[in-house]
Amino acid sequence: MGKIVLHRLVQAMMVAWSVGTLTFVLLRSLPGDMAYRIAAGRYGYDNVDSAAADAVRAELGLERPVLEQYLGWLGDLLQFNLGTTLVSGAPVSQELQHQLGHSLLLASMALLLSAFIALPLGILCALKSQGKLDLASLIASSLLRAQPVFVIGLILILAFALHLGWFPVAGFGTALHLILPSVALALSLAAVSNRVVRNSTYEVLHSAYFEFSRIKGLTARQTFLRHGLRNMAVPVVACMGIQLVGLIEGIVMIESLFSWPGIGHGLAHAIFSRDVPMIQGTALTLGLIFVFINTLIDLVCHWLDPRDNRE
Amino acid sequence: MRARLIFRRHLPRQYGHMMVMLLVAGLFTGCHSEDPKKTLTIGGPFEFTSLDPAKDGYIYTRMQLTETLLDVDAQGALRPSLAKNWTVSEDRLSWQFELRDDVIFHDGTPLDADTVIKSLGVARSKPGPLNKAPVTAIAATGTHRVEIELSAPYNPLGAVLAHYSTQILSPTAYAADGTVTSLVGSGPYRLSQYAPPHKLHVRRNDQYWGPPARIEQARYLTGHRAESRALQARSGQADIIYTLDAPSLKSLSSADNLNVHSELIPRTILLKLNSGHPFLNDVRARQALSLALDRTGIAASILRVPGSEANQLVPPSLRDWHLDALAPAEQDPTQARRLLAELGWKPGTSGVLLRDGKPFRLRLITYADRPELPVIATAIQAQLAEIGVAVEVEITNSSAIPSGHQDGSLEMALIARNFGIIADPLGVMLTDFGAGGGDWGAMNWSQPEVHRLLAELGAEHRRHEYLQKAQRVAQLLADELPLVPVTFYTQQIAVNKQVKGFRFDPFERSYHIAEMELED
């Protein structure tokens, strides 16, 4: 386990450097004048003109040699300073805290809700495999997965905000605001994970070791808790870990629909306006979060199934 | 079977516990106690990220947190605000402002001349209308008197001083380098919650110098998606929603709880042309492109605002610059083909016109900040194809227009130009059609009479002469088409019937919250 952590620490450092460097190189390779892009991000399309671009260029020293700018960023990074955004002028860390905090909250809630839907449903389907519930779950999962999550969100708004009036249509700041976006995401996630749970449970329930533990005299409860849960959990944890990673970066449509201040939306805007420190800071933080989540999944899987010690 | 029993006996209890924990965790995301009856909620697509008035100041004047030296009415006429009166010297090089002496900022600091000088000094140092004005000095001539000196007469100065970028903030709002660190204004509302880029809450300022606001609290929520904004209006979550999209209009108009307002704003969708391009340097070529456009189709089918077709650049609301007698712009592809034939263009085998072996092919750039622009661009692409002009549409960033203008690479751009950036359109006219053209205006087009008239208008204070010159400029622009008008803009707003006293500001400087009331 110590090896896993050490390995991941080195990986995290490499990710921080390579993601930041790659972002830096890629953004400077893009066509179009950075100063104009930043000016458009700052002053809006009505006010972006060559005078605004010149002012931005002078203020930010965009004419400085590229290597000097890169080394400046690297030096700041070594001091854990992500710089300030070129558009709003606020510290990148502050913007990240606001946006990433909301993204993590939404993603965690969505993942938890999806687990609450997927686990019992998947297990029940495995217990009654090929039954009516299993078939219904398969059809519903396929239908839900085929819908863009945006459509699921819109249907939820129409039903629960417009017609029933239980929840607000959009916004953030209260528990009620969190429900519809997280349920929309959870439904989309559970559409996949309930089938993973179902298949995993099915395999465990029909495995030779499960049968053997019953034959050797363990009670049904003991068998399920000792041999069933752990074995079925490994693929489920791995699947949900991947889902969480995808969620954090990929919920931009739900954020837009529900006016939720997430990192997906923030990153998209930062890219439009070439806000290099913001993009670097976001990419770097997301990279580190992914390493952290992967480490966590590895550790959990390692704990669940300690037989594989190759790590 | 046994496994099923285990699941039934044990998991549901644990599951129930976890659900309760989840709900409790959800409740920790924070609740705010605001009386909905005392709170007005406004939604719009406008994001804000910075406290800097030069960047996002419009949202602070709209929410009535901050004020400017002067105000403008719906017709663009100057009105007193923080300055109770003003005079212009005979040579029009000096503007004197007398400030109100009863204004107190939200932090308790009283307004004086030094405060105004500080705020205007910061505004002048940043890109914006004040930076473009020929200001040489801003000085105090008394504790409540400010003088602005100019190097040349500049009539739009009053409108510049009503622009959001020139809002006056308390001295405590600024850091030493002029950065705004807190939003301390003097408006009828003060900031209560600030969560960029989405949420801005304000609370009534009981020390306001003017008539007190009736509504106690107001909230602004950025709604990126038009569908979401429309649903907020329908559900009653928001009281006022700005910038409704065309598909939502019908259903919102029939909603029992809403009134939908359609208000003309001084913004025009137009084609910016590179008049120096070998294909476009003759006025007949530009006229041909204009004649090919089906404006009625664009207005009715894309914008869904029939009657918004534009026959000239400046909309009717800016009366000095609008030609009432100008005939509507009709689609006439036959006449368009004839004009192009006069210029030597002949039909090619692929349907694209040819001249000297070169096809009539142009690149049209536009931007997606206004979602209707890419759709209109593809409609124009199809309409120009009808007369043999091949257009390649490229959706890019808005900054590609000034950038393409400067490096000469721009051929044609579809833009939504705001002639009311400041309430006096002369400011935009000078920028767009003055000598050398403008980043968002004429490109490689020179009309000495227009340049001369615009220069004269900067100093013209006789009403009749001003009107004559402005109308002459409008006529020359309509004749020579350095920019081809497509449609005028209409702001569509859904207002809940509980809101009384709603008023729309065509210059979009204020939401006039302080004048509204909420009925139970």
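**Exercise 1.** Find which residue of β7(B) stands opposite B:Ala139, then work out how the two strands are joined.

*Solution.* Start with the pair itself: B:Ala139 faces B:Glu147 in β7(B). This is a predicted model, where local features need pLDDT of at least 70, side-chain atom pairs count only at pLDDT 80 or more, and totals for chains, interfaces and linings use all residues. Residues are numbered from 1 along each chain as its sequence is written, while chains are lettered from A and ligands numbered from 1 in the order in which they are written.

Next, look at the strands (DSSP runs of E, at least two residues, numbered from the N terminus). β6 (residues 135-142) and β7 (residues 145-150) of chain B run antiparallel, with six bridges between them; pairing takes at least two bridges found by DSSP. Finally, check the turn: a hairpin of two residues links β6(B) to β7(B).

**Exercise 2.** Describe the side of chain B that touches chain A.

*Solution.* First, count: chain B puts in 54 residues and chain A 51, contact meaning C-beta atoms, placed from the backbone, within 7 Å. Then find the top contributor on chain B's side, which is α1(B) with 13 residues. Last, sort that side by class: 22 nonpolar, 22 polar and 10 charged residues. Here Asp, Glu, Lys and Arg are charged, Ala, Val, Leu, Ile, Met, Phe, Trp, Tyr, Cys and Pro are nonpolar, and the others, Gly among them, are polar.

**Exercise 3.** List what B:Leu414 contacts, leaving aside neighbours within four places in sequence.

*Solution.* Go along the chain: B:Leu414 meets B:Ile269 and B:Leu271, then B:Leu364, B:Thr366 and B:Leu373, and lastly B:Ile376, B:Ala377 and B:Ile380.

Methods: Helices (H or I, at least four residues) and strands (E, at least two) are DSSP runs, numbered from the N terminus. Two residues are in contact if their C-beta atoms, placed from the backbone, lie within 7 Å.
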